[in-house]
Amino acid sequence: MTVDVILEQLDEMIDKALRLPLSGGKCLLPADQLRDCIDGLRANLPNEFKQAKAIVNDRAEIIATARKEAEGIVRAAEERARRLVQEEEIVRQAQEKSTEMLAQAQQKSREMRRSAFDYSEDMLKRTEEALAQRLTEVRTVRQSLRNPQAAIQGNEE
C-alpha cells in the first residue's frame, strides 16, 4: 500500500468513527485498525522519503551540472571577449602605424619635391647666368667686329 492509500483509510476511519457528545469534536477510533495504518505509514514512508531524496539529489545534481555548464559558457564568453579586445587593439595599433607611415611618406615626398625644385631652380639660374655671360661676350665680340677701328684704337690706347 502507498502512503496516499493509507491516509485515505485513516480519513475514512475518522469519518465513520463514533463521536463523543459535548467533547468538542472528539471521536473513538478502533486501536487495532489505527495501529495497522500507522505501521503501513512507517513501512511506506522510508520508500517515499528515499524517492523524495532521490528527486532532491537529482535536482541538486541537475542544478550543479547546469551551474558548471553556465560557468563554462561564461568563461568561454569572457575569453572570446578578451581575444576580440586584443584583436581590436592590434587592428587599432596597425591603423595608427599605417597612418604614421603614410604621414612620413608624404613628408618625405614633399621634401624630395622641394629638393628637386630647388636643384632645378639652382641649375637653371646657373645656366641662365652662364648664358648671360656668354651672351655678353658674344655681343662684345660682335661689337668689336662691327667697329674694327674702334677696337684697334681701343687696343692702342
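Which residues are exposed on the other side of H1? I began my notebook with that question, and I needed the buried side of the helix before I could answer. The model I am reading is a predicted one.

**Entry 1: helix H1**

I looked up the extent of H1 and found that it runs over residues 3-16, which makes 14 residues. From its first C-alpha to its last, H1 reaches 20 Å, close to the 20 Å expected at 1.5 Å a residue. I then listed the buried residues of H1, which are Val3, Ile6, Leu10 and Met13. They sit on the same side of H1, because they cover an arc of only 80 degrees around the axis. On the other side of H1, I found Asp4, Asp15 and Lys16 exposed. That settles my opening question.

**Entry 2: a nonpolar patch**

Next I looked at the surface. Leu18, Leu20 and Leu28 make a nonpolar surface patch of about 280 Å². I checked one of them, Leu18, in more detail. Leu18 belongs to strand E1, which covers residues 18-19. Its relative accessible area is 56%, so Leu18 counts as exposed, the cut-off for that word being over 50%.

**Entry 3: cysteines**

How many disulfides does a search of the whole structure find? I noted zero. I wanted the reason, and looked up Cys27 and Cys37. The cysteine sulfur closest to that of Cys27 is in Cys37, 13 Å away, which is too far for a bond. A disulfide needs two cysteine sulfur atoms within 2.5 Å. Starting from Cys37 gave me the matching result: its closest cysteine sulfur is in Cys27, at 13 Å, again too far for a bond. I also wrote down how covered each residue is. Cys27 is partly exposed, at 24% relative accessible area, whereas Cys37 is buried, at 5%.

**Entry 4: salt bridges**

I then turned to charged side chains. The structure holds seven salt bridges, and I looked up some of them.

Arg82 pairs with Glu79 in a salt bridge whose closest N and O atoms are 3.1 Å apart. Both residues lie in helix H2, which spans residues 31-146. Arg82 and Glu79 are three residues apart, about one turn of the helix. I checked their exposure too: Arg82 is partly exposed, with 45% relative accessibility, and Glu79 is also partly exposed, with 35%.

Asp118 forms a salt bridge with Arg114, and here the closest N and O atoms are 3.5 Å apart. Where do the two stand along the helix? They are four residues apart in helix H2, so about one helical turn separates Asp118 from Arg114. Asp118 is partly exposed, with a relative accessible area of 37%.

The side chains of Glu137 and Arg134 also meet in a salt bridge, at 3.6 Å from N to O. My note on exposure says that Glu137 is partly exposed at 40% and that Arg134 is partly exposed at 43%. Because they are three residues apart in helix H2, Glu137 and Arg134 are separated by about one helical turn. Last, I looked for salt bridges that share partners, and found that these join Glu79, Arg82 and Arg83 into one network.

Methods. Residues numbered from 1 in each chain as written. Predicted model: local features only at pLDDT ≥ 70, side-chain atom pairs only at ≥ 80, totals over all residues. Heavy atoms only, no water. Patch = residues over 30% accessible without salt bridge, like charges linked within 9 Å, V, L, I, M, F, W, Y side chains within 5 Å. Areas by Shrake-Rupley, 256 points an atom, 1.4 Å probe, with all protein chains shown as cover. Salt bridge = Lys/Arg side-chain N within 4 Å of Asp/Glu carboxyl O. Buried < 20%, exposed > 50% of the residue type's maximum accessible area, 1.4 Å probe, protein only. Expected span 1.5 Å × (residues − 1). Arc of directions from axis to C-beta.
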